Amino acid sequence: MASGASGTETARRRRRTTVALKESLRELRNQLSLLNHQVGGRLKLKDVDLDCLELISTAGPLSPSALARRAGLHPATVTGILDRLQRGGWVVRERDPEAADRRAVTVRAVPGRTQELFRVYGGMNSAMDDLCAGYTEDELMLIAGFLRRTAEAGRAATGELSAE
């Protein structure tokens, strides 16, 4: 009987730990959202503009329709975002020479402007360097793997919601 009680307590502790982890992820999401809002304000970018700029910077160059799919936004909304980003000098639209439709364009981030983003995120990057210094290489690999799988779960959940 003692082993059954021990197993029940172990299951309870695991549930509590899992709930605490999910709460921490929600708090992290909120804090990063607030940080991004402040960064966007400094750079005169809307939150959604900053999100799209990040997608273009990391996954680009992208067609506007590919950006709309990745961002989960209506193509007309993306057109307005790209207009603002282009006016601000953050992205350029270029004709896609390989596309069958001669009107097709790709969007890419302007390389020199990303340094401005790095500067504004400098405080967070320094804090992350300090935080990571307190972990071993194996611990960092474990955390990185967890975060990658968490991002994949988020992409899957987003895909399910957008398919409904």
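Contact, on this tour, means heavy atoms within 4.5 Å. Keep that in mind as you click around this predicted model.

Start by colouring the whole chain by pLDDT. The mean is 91, and 97% of the residues reach 70 or more. Now pick out two helices: select residues 122-132 for helix α6, which has the highest mean pLDDT among the chain's elements, at 96. Then select residues 111-120 for helix α5, where the mean is the lowest, at 88.

Next, give each domain its own colour. Domain 1 covers 12-43, domain 2 covers 44-111, and domain 3 takes in 112-163. Hide domain 3 for now and stay with the other two.

How far apart are the C-alpha centres of domain 1 and domain 2? They lie 27 Å from each other. Zoom in on the place where the two domains meet: 7 residues of domain 1 are in contact with 5 residues of domain 2. Together the two domains bury about 550 Å², with 50% of that on carbon and sulfur atoms.

Which residues should you show as sticks on the domain 1 side? Go for Asn 36, Gly 40 and Leu 43, as these supply 71% of the area that domain 1 buries against domain 2, more than any other three residues.

What about links across the boundary? Don't hunt for salt bridges between domain 1 and domain 2, as the count is 0. Look for polar contacts instead: 5 residue pairs make them between these domains, with both partners at pLDDT 80 or more. To finish, colour the touching side of domain 1 by residue type, and you get 2 nonpolar, 4 polar and 1 charged.

Terms used: Residues are numbered from 1 along each chain as its sequence is written. This is a predicted model: local features need pLDDT of at least 70, side-chain atom pairs count only at pLDDT 80 or more; totals for chains, interfaces and linings use all residues. Side-chain values use heavy atoms; hydrogens and water are left out. Domain bounds come from an automatic or database domain assignment. Buried area is the accessible area (1.4 Å probe) that two parts lose on being put together, summed over both. A salt bridge is a side-chain nitrogen of Lys or Arg within 4 Å of a carboxyl oxygen of Asp or Glu. A polar contact is a pair of N or O atoms within 3.5 Å; within protein, one must be able to donate a hydrogen and the other to accept it, and residues adjacent in sequence count only if both atoms are side-chain atoms. Ala, Val, Leu, Ile, Met, Phe, Trp, Tyr, Cys and Pro count as nonpolar, Asp, Glu, Lys and Arg as charged, and the others, Gly among them, as polar. pLDDT is the predictor's confidence in each residue, from 0 to 100. Helices (H or I, at least four residues) and strands (E, at least two) are DSSP runs, numbered from the N terminus.
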